[in-house]
Each structure stands twice: as structure tokens, then as C-alpha cells.
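Q: I have a structure open and would like to learn how to read it. Please take me through its features one at a time.

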Amino acid sequence: MLRRRRLTASPFAGRKWGLARIAALIVAAAVLLIACTCAEKAHPGRGLSPPARTTSTNAASSRVVKVETFAAAVVGQLTGGDNKGMGLENGEGALLLESTNTSQGGGIRGIDTTSGVERIQLIDQPGRTMSGVAVSVRPGQPGIVWQLTLKGNVAIARDLSTLVEQRQVSYRGEGWGLCDDGTQLVQSEGSMRLVLRDADTFAEKEVIEVAGGWWSSRRLGELECVRDGERRQVWANLVDTSWLLRVDLEERAVTAVADLAPAMAGATAAERNLISGIASISGARNELWLSGSGWRRPVKIRLAARP
Ligand SMILES: [Ca+2]
């Protein structure tokens with residue numbers, strides 16, 4: 001009773017208890033603050049607003065690896081044809097296919113590379129400017145010749161044997177170069193992008209941004225798909241230059257550049273910069289058919305490594 005009274009009667013008893021509680025609360029708050037600070041360091045984004053949603057694209061940037069440099073020399077010339085055909089492409093047999101644009105309209109023609117004789121000519125696209133040409137051949141399926149329109153937003157699918165139009169497919173953007181790498185179509189559109197497309201439906205599958213070198217500010221024009229063993233590659237003309245770029249489609253990288261100027265003796269600077277057609281030659285890895293203002297007719301060139 002006495003002790004209870006003494007405790008309760010002490011003038012400092014209640015204040016001590018209050019101070020102890022305050023001290024305990026301060027310590028607890030300090031511990032909580034330290035814990036929160038540590039947690040924030042471990043998870044910097046915790047407690048913050050979620051980052052803005054990023055736009056998802058299917059564009060894959062190309063890489064730059066060791067780049068070979070080639071120089072071109074003329075080793076042959078067609079006895080027929082002219083330098084105006086666009087989208088040169090290897091057709092069936094020794095036929096060289098190219099887009100034609102006449103006052104009657106756009107079309108396609110096939111020139112025999114051995115005789116230089118024009119074996120087929122169709123002018124069936126009035127009002128359209130035709131550009132890139134690609135040949136798509138798959139086992140067990142009829143071959144297709146795909147042909148682009150420069151600004152018509154329409155691709156023409158033709159029978160490989162007759163070149164007669166079978167159907168049309170619409171697409172967005174401009175159509176410049178086109179080729180088939182054996183698994184898909186590769187299209188350029190007047191930029192540094194390569195558009196990969198399904199070879200049967202023409203549907204867009206993926207876009208490759210070709211960047212990383214002095215060519216980054218240029219534009220890709222005419223294309224030609226080639227194989228180096230199992231590697232799928234594409235030669236592309238750099239618009240308004242006399243240079244070709246080789247892009248490895250599996251590495252997503254530029255692997256070579258080729259200077260065509262040495263193969264255009266007598267051409268003016270402006271003529272050297274107008275390349276309109278590139279076609280591969282079966283069995284000749286470093287040889288190509290080329291057409292452009294630097295020659296009167298399509299020429300066969302050989303690329304040799306420049307030291
Ligand atoms: Ca071509």
C-alpha cells in the first residue's frame with residue numbers, strides 16, 4: 001500500500017514512463033527509416049511510378065563487324081538490252097528479268113544472257129512505275145516472280161514461266177529493291193531499312209535497320225540476294241553513289257562494301273551514281289550483272305578484294 005502510493009505519488013514517475021515511451025518510439029521510427037532506405041537502395045524503382053510504356057517494334061538493328069572492301073571490274077557485257085531496266089534478277093535458265101517503264105505503262109521483260117535477245121516483254125501495268133523484281137521458288141510449288149511498284153503500293157505476282165500476272169497484293173510505303181533469299185523476300189523502300197516479307201503472301205515479317213557506318217545516312221535501292229555457303233546475304237545499291245553494301249541477314253551486319261566506279265570508265269560522275277539493276281550469276285560468287293547509266297547495256301562485273 002505504502003509502496004503503491006509511493007510509486008503513484010512520485011512527481012517523476014509518470015514523466016519517466018512518458019519519456020521512455022517517446023524514446024522507444026523515436027528508436028522504432030529510426031529503425032523503420034533505415035530499413036526503408038536500405039530497401040529503396042536494393043530496389044530503386046520501388047515506390048516510384050511505373051516507367052512509361054515503351055513502344056514495341058520488330059526492328060532489329062544491324063551490327064558492324066569486319067567489313068571487306070571490293071573493287072569491281074567489267075568482265076562481260078550483254079549484246080542486247082539497255083541501261084534503263086530496273087530490278088535486274090536471275091530468271092529461269094539464262095533469262096535476265098527486269099522491270100520496264102515505257103510511255104504505254106510499266107511491265108517486265110526477259111533477256112537471254114547468252115544471245116542478248118529479248119525473249120519476252122509484257123507491258124501490262126498502265127500508269128504504274130515498276131521497280132524491284134524477285135524470283136521465289138520453293139520445292140513443290142509453282143515459281144513466283146514478284147514485282148514492286150515504286151509508289152503504287154501494289155506488288156504484282158507473276159507466273160515464273162510466262163510472266164503473266166496472277167494476283168496483286170497491297171503494301172505500305174514505297175517499293176525500291178526486292179530479292180528472295182530462299183526463305184523470304186527482302187525489300188528496300190528508299191531508306192536504310194530492309195523489310196523481310198513472306199514469299200507467298202507478301203506479309204511483312206520483320207524490319208532490319210542497316211546502320212553503324214559511313215553509309216548510315218544513305219538509302220538502300222536495288223537489291224540482290226546471294227548465298228555464301230549457308231549464309232544468306234544481300235547486296236544493296238547505296239542510292240546516289242557508285243557503292244554497293246553487303247548485309248549478312250543472319251548476322252544482321254554489314255560485311256562488305258564494293259566500289260563500282262573502277263568498272264565505269266568514261267562515265268560521268270552523275271552516271272556513275274545511277275545503278276538500277278543487280279543480278280547474281282549462278283555458280284559465280286563474286287560476279288554480278290549490273291545495269292545503270294554508267295553502261296550502255298547490262299555488264300557482268302567481278303568483285304576483287306581491295307587490300
Ligand atoms: Ca536484283
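Q: What pLDDT does the chain average, and what share of the residues score at least 70?

A: pLDDT is the predictor's confidence in each residue, from 0 to 100. The chain averages a pLDDT of 83, and 79% of the residues score at least 70. This is a predicted model, in which local features need pLDDT of at least 70, side-chain atom pairs count only at pLDDT 80 or more, and totals for chains, interfaces and linings use all residues. Residues are numbered from 1 along each chain as its sequence is written.

Q: Over which residues is the pLDDT below 50?

A: Where pLDDT is low, the predicted coordinates should not be read in detail. Residues 1-17 have a pLDDT below 50, and beyond near neighbours in sequence this stretch has two contacts in the model. Residues 27-60 also have a pLDDT below 50, with ten contacts beyond near neighbours in sequence. Two residues are in contact if their C-beta atoms, placed from the backbone, lie within 7 Å.

Q: How many helices and strands does the chain have?

A: Helices (H or I, at least four residues) and strands (E, at least two) are DSSP runs, numbered from the N terminus. Here the chain has three helices and 21 strands.

Q: How are strands 3, 4, 5 and 6 arranged?

A: Strands of a sheet pair through backbone hydrogen bonds, either parallel or antiparallel. Two strands count as paired if DSSP finds at least two bridges between them. In this model, four strands form an open sheet in the order 3-4-5-6, with antiparallel pairing. Strand 3 (86-90) and strand 6 (118-125) are at the edges with a single partner strand each, so one side of each has no neighbour in the sheet. On average, neighbouring strands of this sheet are turned by 20° against each other, direction ignored. For such angles, axes are lines fitted to C-alpha atoms, for helices over the stretch in contact, and angles run from 0 to 180 degrees between N-to-C directions. Inside the sheet, strand 4 (residues 95-102) and strand 5 (residues 105-112) run antiparallel and are joined by eight bridges. Thr-100 stands opposite Gly-107 in strand 5.

Q: Which strands are the edge strands of the open sheet 7-8-9-10?

A: This sheet of four strands is also described by its order, 7-8-9-10, and its pairing is antiparallel. The edge strands are strand 7 (130-136) and strand 10 (165-170), each pairing on one side only. From one strand to the next, the twist averages 20°. Five bridges pair strand 7 with strand 8 (residues 144-149) in the antiparallel sense. Met-130 is placed opposite Thr-149 in strand 8.

Q: Are the faces of strand 12 covered or uncovered?

A: A residue is buried if 20 or more other C-beta atoms lie within 10 Å of its own, exposed if 12 or fewer, and partly exposed in between, with C-beta atoms placed from the backbone. Of the 307 residues of the chain, 35% count as buried. Both faces of strand 12 (residues 185-188) are covered: Leu-185 and Gln-187 on one side, and Val-186 and Ser-188 on the other, are all buried.

Q: Which strands pair with strand 12?

A: Strand 11 (residues 178-180) pairs with strand 12 in the antiparallel sense over three bridges. Cys-179 has Val-186 as its bridge partner in strand 12. The hairpin of these strands has four residues between them, and Gly-182 takes a positive phi near 95°. Strand 13 (residues 193-197) runs antiparallel to strand 12 and is joined to it by four bridges. The bridge partner of Ser-188 in strand 13 is Leu-194.

Q: Why does Leu-163 count as buried?

A: The test is the count of C-beta atoms. Leu-163 is buried because 21 other C-beta atoms lie within 10 Å. Leu-163 is in the loop between strand 9 (154-159) and strand 10, and its phi is near 65°, a positive value in a residue other than glycine.

Q: Is Glu-230 buried or exposed?

A: Glu-230 counts as exposed because it has 6 C-beta neighbours inside 10 Å. Glu-230 lies in the loop between strand 15 (220-228) and strand 16 (231-238).
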